Amino acid sequence: MNSSRYQGKVMKIINGKPLLHFLIKQLRASEKIDNIVIATTTSNKDDIIEKFAKTNSIDCFRGDEFDVLDRFYKCAKRFQMDNIVRITGDNPLIDPKIIDQCIKEFSKKDVDYLSNGIKFEDSKWVHNLNGFPSGVSCEVFSFKTLEKIFFNAKKNSEREHVTSFIINNHNNFQITNISSNIDYSSFRFTVDYEEDFRVIKKILKVFQENEFISIQEIISFLNNNKDILKINSEFLFNEGYLESVRDED
């Protein structure tokens, strides 16, 4: 709830439901996720999130507000997870088909970490949309990998952005990615700013009754409504992480 750029965003109301409701709805349409756990903080501002979880029969873990890596590690340990799929709360329209594709590829390959938001470039892994829209980021990694990160990550940016230690130390991990066959990277339906929320609100007013919303449906809608596309077109991918790194320089 205490997001620095757009406070309270995960519980902002659309069509009588909080944004988090629509994220959970998308996740529940996945065929390969075994369990959903909301990992929030011990701040009293996040009591509302725990209440939402209980009301909707979703497991909830509460941990450190600023050391997100600590929160993730202790959450995974509490729920005895072998593998973790990390979805951030500001991506309410994450496509369950993309999640399932990521899990399937991770299961097929003997790797520590898979993401659709990284790319191997100039002999190193870097953050990249890989043709996906901003708002469908998915990461899959083992508990063993999470534990390795937890005990070795020292930088504040690596404690805040759970998996950045992997990218920064890629030679110590087996990493792979997936990419989109079509370049949708100019589209944005993540929620970092009030303008982003306005875009999501317009999308959900059209597709709220769907069992889940696919990126193809969203992109078709936005292509037919160019004025909506312009609302949040000025914002960059991965701004939060870039700000954290700049603060350490």
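## Strands that pair

Two strands count as paired if DSSP finds at least two bridges between them. With that in mind, let's look at strand β9, residues 139-142, in this predicted model.

Strand β5 (residues 83-86) pairs with β9 in the antiparallel sense, over four bridges. Strand β6 (residues 113-115) also pairs with β9 in the antiparallel sense, here over three bridges. If you would like a residue to start from, try E139 of β9: E139 is the bridge partner of R86, and E139 is also the bridge partner of S115.

## The two faces of β9

In a regular strand the side chains alternate between the two faces of the sheet. For β9, E139 and F141 lie on one side, while V140 and S142 lie on the other. Are these four residues buried or exposed? They are all buried, so both faces of β9 are covered.

## A cavity in the structure

Rolling a probe the size of a water molecule over the atoms shows where empty space is left. Searching the whole structure turns up one cavity of 30 Å³ or more. The volume of the largest cavity is about 60 Å³.

Which residues line the largest cavity? The lining is made by F22, K25, Q26, P92, L93, L204, F207, Q208, N210, F212 and I213. By type, seven of the lining residues are nonpolar, three are polar and one is charged. Helices α1 (19-28) and α8 (194-207) each supply at least two residues of this lining, and α1 gives the largest share, with three residues.

Methods. Residues are numbered from 1 along each chain as its sequence is written. This is a predicted model: local features need pLDDT of at least 70, side-chain atom pairs count only at pLDDT 80 or more; totals for chains, interfaces and linings use all residues. Side-chain values use heavy atoms; hydrogens and water are left out. On a 1 Å grid over the protein atoms alone, a cavity is a set of points where a 1.4 Å probe fits but cannot get out, and a pocket is an open set with protein on both sides within 12 Å along at least five of seven lines; lining residues have an atom within 4 Å of a point. Grid points are joined across faces, edges and corners, and a volume is the space filled by probe spheres set on the points. Ala, Val, Leu, Ile, Met, Phe, Trp, Tyr, Cys and Pro count as nonpolar, Asp, Glu, Lys and Arg as charged, and the others, Gly among them, as polar. Buried means under 20% relative accessible area, exposed over 50%, partly exposed in between (1.4 Å probe, protein chains only).
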